[in-house]
Amino acid sequence: MIVGDRLDADILGANQFGIESCWFNPLRAENWSSAVPTIQVARLSEIAVRLAGG
C-alpha cells in the first residue's frame with residue numbers, strides 16, 4: 001500500500017499500477033480528481049486501524 005498526501009502523484013500513481021493506496025488527508029479536502037484512494041485517513045494513527053478492518 002502506498003500512503004501519500006498528493007492525489008495527483010501518490011494516489012494516481014498507485015491507481016495506474018494497481019496498487020492499493022491510502023490518502024493522508026488531514027484537512028478533509030474533497031477529492032475532485034480522477035484518483036481513487038483505497039482508504040482515506042485524517043490522522044496517520046488511523047492507518048493501522050483501517051487496515052485491521054476498523
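Guide: Welcome! Buried stands for under 20% relative accessible area, exposed for over 50%, and partly exposed for what lies in between. The model above is a predicted one.

Visitor: Thanks! Then how does Glu20 count, at 48% relative accessibility?

Guide: Glu20 sits in the loop between H1 and S2. Exposed would need over 50% and buried under 20%. With its 48%, Glu20 therefore counts as partly exposed.

Visitor: Which residues does Glu20 touch, not counting residues up to four places away in sequence?

Guide: Glu20 and Val3 are 17 residues apart in sequence, yet their C-alpha atoms are 8.9 Å apart in space. Once residues up to four places away are set aside, the residues that Glu20 touches are Met1, Ile2, Ala14 and Thr38.

Visitor: What pLDDT does the protein average?

Guide: A score of at least 70 is reached by 100% of the residues. Taken over the protein, the average pLDDT is 95.

Visitor: And which element has the lowest mean pLDDT?

Guide: Strand S2, residues 21–24, has the highest mean, at 98. The other end of the range, a mean of 88, belongs to residues 46–51, which form helix H2.

Visitor: Which residues of H1 are buried?

Guide: Helix H1 covers residues 7–16, and some of its residues are exposed on one side, namely Asp8 and Gln16. The buried residues lie on the other side of H1 from these two. They are Leu7, Ile11 and Ala14.

Visitor: Why do the buried residues of H1 count as being on the same side?

Guide: The residues in question are Leu7, Ile11 and Ala14. They are on the same side of H1 because the arc they cover around the axis is only 95°.

Visitor: What do the buried residues of H1 pack against?

Guide: Those residues include Ile11. Their packing partners are two strands, S1 and S2.

Visitor: Asn15 is in helix H1 too. Is Asn15 buried or partly exposed?

Guide: Across the chain, Asn15 touches Ser21, Ser34, Ala35 and Val36, leaving out residues up to four places away in sequence. Asn15 and Ser34 are 19 residues apart along the chain, with 9.5 Å between their C-alpha atoms. The relative accessibility of Asn15 is 29%, so this residue counts as partly exposed.

Visitor: How many salt bridges does a search of the whole structure find, and which residues form a salt bridge?

Guide: The search finds one salt bridge. Its closest N and O atoms are 2.8 Å apart, within the 4 Å cut-off. Asp8 is exposed at 53%, while Arg6 is partly exposed at 45%. The pair is Asp8 and Arg6.

Visitor: Which residues make the nonpolar surface patch?

Guide: One of them is Met1, found in the segment before strand S1. A patch residue needs over 30% relative accessible area, and Met1 has 41%. The patch, of about 380 Å², is made by Met1, Val3, Leu44 and Leu51.

Visitor: Where is Asp5 found, and which residues is Asp5 in contact with, leaving aside neighbours within four places in sequence?

Guide: Asp5 is in the loop between S1 and helix H1, where it is exposed at 52%. Its C-alpha atom is 8.7 Å from that of Pro26, although 21 residues separate the two along the chain. Apart from sequence neighbours within four places, its contacts are Asp10, Trp23 and Phe24.

Visitor: What separates the C-alpha atoms of Ser45 and Asp5 in space?

Guide: Ser45 belongs to the loop between strand S3 and H2, and counts as exposed at 53%. Ser45 and Asp5 are 40 residues apart along the chain, and their C-alpha atoms are separated by 14 Å.

Visitor: Which residue other than glycine has a positive phi?

Guide: Just after H1, Gly18 takes a positive phi of about 70°, but that one is a glycine. The residue you want lies in the loop between S2 and S3 and is exposed at 60%. With a phi near 55°, it is Arg28.

Notes. Residues are numbered from 1 along each chain as its sequence is written. This is a predicted model: local features need pLDDT of at least 70, side-chain atom pairs count only at pLDDT 80 or more; totals for chains, interfaces and linings use all residues. Side-chain values use heavy atoms; hydrogens and water are left out. pLDDT is the predictor's confidence in each residue, from 0 to 100. A salt bridge is a side-chain nitrogen of Lys or Arg within 4 Å of a carboxyl oxygen of Asp or Glu. Buried means under 20% relative accessible area, exposed over 50%, partly exposed in between (1.4 Å probe, protein chains only). Patches are made of residues with over 30% relative accessible area and no salt bridge: like charges are joined within 9 Å, nonpolar side chains (Val, Leu, Ile, Met, Phe, Trp, Tyr) within 5 Å. Accessible areas come from the Shrake-Rupley method with a 1.4 Å probe; for residues, only the protein chains shown count as cover. Contact means heavy atoms within 4.5 Å. The arc is that of the directions from the helix axis to the C-beta atoms.
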